[in-house]
Amino acid sequence: MIRFAILPLLLALNFSMCKKQQAVTDKPQSAGSAASGTAAATAAPAAAATPKIKKPVVDQTAQVIIFCYHQLIDKVRTPWTQITPAAFEAQMKELKDKGITVISMQDLLAWKRGEKNIPPRCAVITFDDGWKSQYEVAWPIMKKFGYPFTMFIYTEGVRGGSLGGGGAITWEQLADMRDNGIDIQAHSATHQDLREGHAVTLIEPGAKRTRKKLTGTDYEKWIQNEVVGSKELLEQRLGIKVNCFAVPFGNYNEHVKELARNAGYDAMFTVYGQPITFTSPMDSIGRYAIEANKPKVFADAVSMIGASTGGGTAVAEVGAKDLTTQPADGETVRTALPLIKANLSSIGQIEPGSVQMRVSGLGLVPANFDPKTGTVSYQVPQKLRDKTCTVILSAKSAGKKVETHWTFGIEEGPATTAASSPAVKK
């Protein structure tokens, strides 16, 4: 009887002891024990943690040439914006034959940011405006070679827009290209000179067009739509991120660059052709504009990096304003026979035989260099045909290559000659 009475008491006591033990286990740890527990917990994973991924060591001596194409057509009527499909395909094949790797625009920008390596000699292919032949003719050729490329679109030039005629690409075709990995970027809204004070065409209700010079708030409202509005429209219609802006005609100034930067563009592109290096500025990346009547432009571009096997020497960019150029960057002159000058004395001691001047439409020109004053000059002997002119000037100082470029406009006037331009300051 006593045994049977004691047994329940023992079971209850045992149950009570278990509960107390559980309570002790569940109590929060003291600061010391918590710290040691945490240290122990973190020590184990730390030992097994994988090392942090480092940025790749990019080849800063690599060089890139960027080509700009427009319309592909069998019968060339406007050679400054057209090229035959056969000529285009031959050029794409030449890049392959010469071992020049065609990379995407985004790979170029990643390399410039130091995030991705690229081969020593590369090319980027771009198409401006948005012609349907770029979809119907150029794209199949690019597929054949497996080349990536970028489309720079001005939004009012797309079919259905105020400037989109029968030869224009459609939004549906752009969407098809987007779905297949083609890079689509901005080229303004109406493809006009973006600098204040230049006459622009305004399209009013009823498709009425007026030509006028915009200034002040009228200009700011207009250029906002050109730089920012075109970007937003492309992003909304196609559901993409637009981070590149190609300036129409290559004409820009500091205000245009500031607007593009504030709009969220990572890079801005012009049409002065030169190899792009790791140190080239992101807000004025030059492209070689390929035209049917200037086959030498492509040949010159390829030869600039075609002979190199291990990348080129980095080029130090010098601002044109530091060289007191004539005509000045962004200036419009009243003669198609300008005297082109620049003062290189601010750079340092120049190696006389190293000075080279290239003029868009003319190529390498026999410029004169005066070592005493540091002034290089060239009198254009034949009328420049285009409304804009880009000058690329390079030289060596202390064994390092330096290079600058600038662009000016041309509007011929009846009473102005080349000699009437202001002299370059020494």
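Biologist: Which residue follows α4, and what is the sign of its phi?

Modeller: In this predicted model, helices are DSSP runs of H or I with at least four residues, strands are runs of E with at least two, and both are numbered from the N terminus. Gly114 follows α4, with a positive phi near 80°. Residues are numbered from 1 along each chain as its sequence is written. Because the model is predicted, local features need pLDDT of at least 70 and side-chain atom pairs pLDDT 80 or more, while totals for chains, interfaces and linings use all residues; side-chain values use heavy atoms, without hydrogens and water.

Biologist: How many residues of α4 are buried?

Modeller: Buried means under 20% relative accessible area, exposed over 50%, and partly exposed in between, with a 1.4 Å probe and protein chains only. Helix α4 (residues 105-112) has six of its eight residues buried: Met105, Leu108, Leu109, Ala110, Trp111 and Lys112. Their cover includes strands β1 (63-69), β5 (121-129) and β10 (244-246), among others.

Biologist: Is Ser394 buried or exposed?

Modeller: Ser394, in strand β20 (residues 388-397), is buried because its relative accessible area is 9%. Contact means heavy atoms within 4.5 Å. Leaving aside neighbours within four places in sequence, Ser394 contacts Ser354, Val355, Gln356, Lys401, Val402 and Glu403.

Biologist: What is the average pLDDT of the protein?

Modeller: pLDDT is the predictor's confidence in each residue, from 0 to 100. The average is 83, and 79% of the residues score at least 70. Over residues 27-47 the pLDDT is below 50, and this stretch has one contact beyond near neighbours in sequence. Residues 307-315 are also below 50, with 18 such contacts in the model.
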